[in-house]
Amino acid sequence: RAAVSVLWCGIHLCFSLVFFPDFLFKFLVIGSAGTGKSCLLHQFIETKFKQDSNHTIGVEFGSRVVNVGGKTVKLQIWDTAGQERFRSVTRSYYRGAAGALLVYDITSRETYNALTNWLTDTRTLASPNIVIILCGNKKDLDADREVTFLEASRFAQENDLMFLETSALTGENVEEAFLKTARTILNKIESGELDPERMGSGIQYGDASLRQQRQHRGSTAQTKQQCNC
Ligand SMILES: Nc1nc2c(ncn2[C@@H]2O[C@H](COP(=O)(O)OP(=O)(O)OP(=O)(O)O)[C@@H](O)[C@H]2O)c(=O)[nH]1
Ligand SMILES: [Mg+2]
């Protein structure tokens with residue numbers, strides 16, 4: 001009987017986490033073609049490496065519910081094509097994003113040199129308060145490295161970005177990159193720096209928060225009625 005009730009609680013908890021998250025955050029994965037954006041998303045969602053990844057055509061979508069600091073957050077993630085010919089399509093997805101993974105390939109200086117352009121685009125087209133994490137991907141290919149950790153971390157500091165080196169192949173720091181970004185957004189909401197109710201913030205209250213708010217409003221209204229004030 002105890003086992004059944006534990007199982008029931010587990011099912012109930014999973015159901016609540018998936019269907020009634022506290023928040024929904026819109027995320028982008030951006031950066032030059034071939035840097036491993038689709039593989040990073042696949043690793044985050046499926047926890048395995050995407051074999052034979054082809055160039056993304058336009059955009060692809062993935063979502064996952066995570067637990068951050070005791071809150072459940074549904075991440076709606078848009079994986080954009082890095083190829084120039086899709087730029088006009090992908091740009092239309094930037095609006096209202098709350099967070100972004102800006103990806104370069106540590107074995108390709110060309111993808112690193114393109115970061116400034118990606119940043120300008122992101123800050124212009126997405127929300128100005130967008131939280132960005134710079135991901136130096138393909139960390140497993142250290143022998144072929146063209147960009148040092150130090151120079152990339154300086155670039156990140158100068159441009160107000162968080163920074164991690166990741167590997168979509170081994171999974172190293174992949175989950176951390178998404179969670180770090182979500183945690184930073186959540187901290188900014190809690191400190192009042194980000195307002196989820198502002199149009200285009202890329203943040204929505206999930207059902208759990210909405211229900212809490214309604215309950216709160218209900219009890220406030222009741223109190224007002226009772227005291228007639
Ligand atoms: N060794 C290694 N290879 C990787 C890693 N991530 C991706 N790759 C390889 O890099 C290539 C490109 O990966 P994708 O994820 O398709 O790149 P993308 O950034 O989505 O490319 P576009 O969709 O064209 O913008 C593929 O051959 C992957 O197998 C990694 O962490 N390590
Ligand atoms: Mg891709």
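Colleague: Which residues around ligand 1 come nearest?

Modeller: Around ligand 1 there are 20 residues (C-beta atom, placed from the backbone, within 6 Å). The model is predicted: local features need pLDDT of at least 70, side-chain atom pairs count only at pLDDT 80 or more, and totals for chains, interfaces and linings use all residues. Residues are numbered from 1 along each chain as its sequence is written, with chains lettered from A and ligands numbered from 1 in the order written. The residues that come nearest are Gly36, Ser38, Ser53, Thr56 and Gly82.

Colleague: How many residues of the shell around ligand 1 are polar?

Modeller: Helix α2 (helices are DSSP H or I runs of at least four residues, strands E runs of at least two, numbered from the N terminus) gives the most to this shell, with three residues. By class, the shell has six nonpolar residues and three charged (Asp, Glu, Lys and Arg). Polar residues, Gly among them, number 11.

Colleague: Is strand β5 largely enclosed or in the open, and why?

Modeller: On one side of β5 lie Val131, Ile133, Cys135 and Asn137, on the other Ile132, Leu134 and Gly136, and all are buried (20 or more other C-beta atoms within 10 Å of the residue's own). Because seven of the seven residues of β5 (131–137) are buried, the strand is largely enclosed.

Colleague: Which residue of β6 is the bridge partner of Ile133?

Modeller: Two strands pair if DSSP finds at least two bridges; β5 has seven with β4 (residues 99–105), running parallel. Gly99 in β4 is partnered by Val131. Four bridges link β5 to β6 (residues 162–165), also parallel. There, the partner of Ile133 is Met162.

Colleague: How many residues of α6 are buried?

Modeller: Helix α6 (residues 149–158) belongs to a right-handed β-α-β unit with β5 and β6. After α6 comes Asp160, whose phi is positive, near 60 degrees. The helix lies largely in the open because, of its 10 residues, the number buried is one.

Colleague: Which element gives the largest share of the largest nonpolar core?

Modeller: This core (buried nonpolar residues joined through C-beta atoms within 7 Å) has 48 residues, and Phe25, Leu40, Ala100 and Leu102 touch the most other members. Elements that give two or more residues include β1 (23–31), α2 (37–46), β4 and β5. The largest share, seven residues, comes from β1.

Colleague: Which residues does Phe25 touch?

Modeller: Touching here has C-beta atoms, placed from the backbone, within 7 Å. Not counting residues up to four places away in sequence, Phe25 touches Val73, Leu75, Ala98, Gly99, Ala182, Ile185, Gly202 and Ile203.

Definitions and conventions:
A residue is buried if 20 or more other C-beta atoms lie within 10 Å of its own, exposed if 12 or fewer, and partly exposed in between; C-beta atoms are placed from the backbone. A crossover is right-handed if, with the strands pointing away from the viewer, the path from the first strand over the helix to the second runs clockwise. Two residues are in contact if their C-beta atoms, placed from the backbone, lie within 7 Å.
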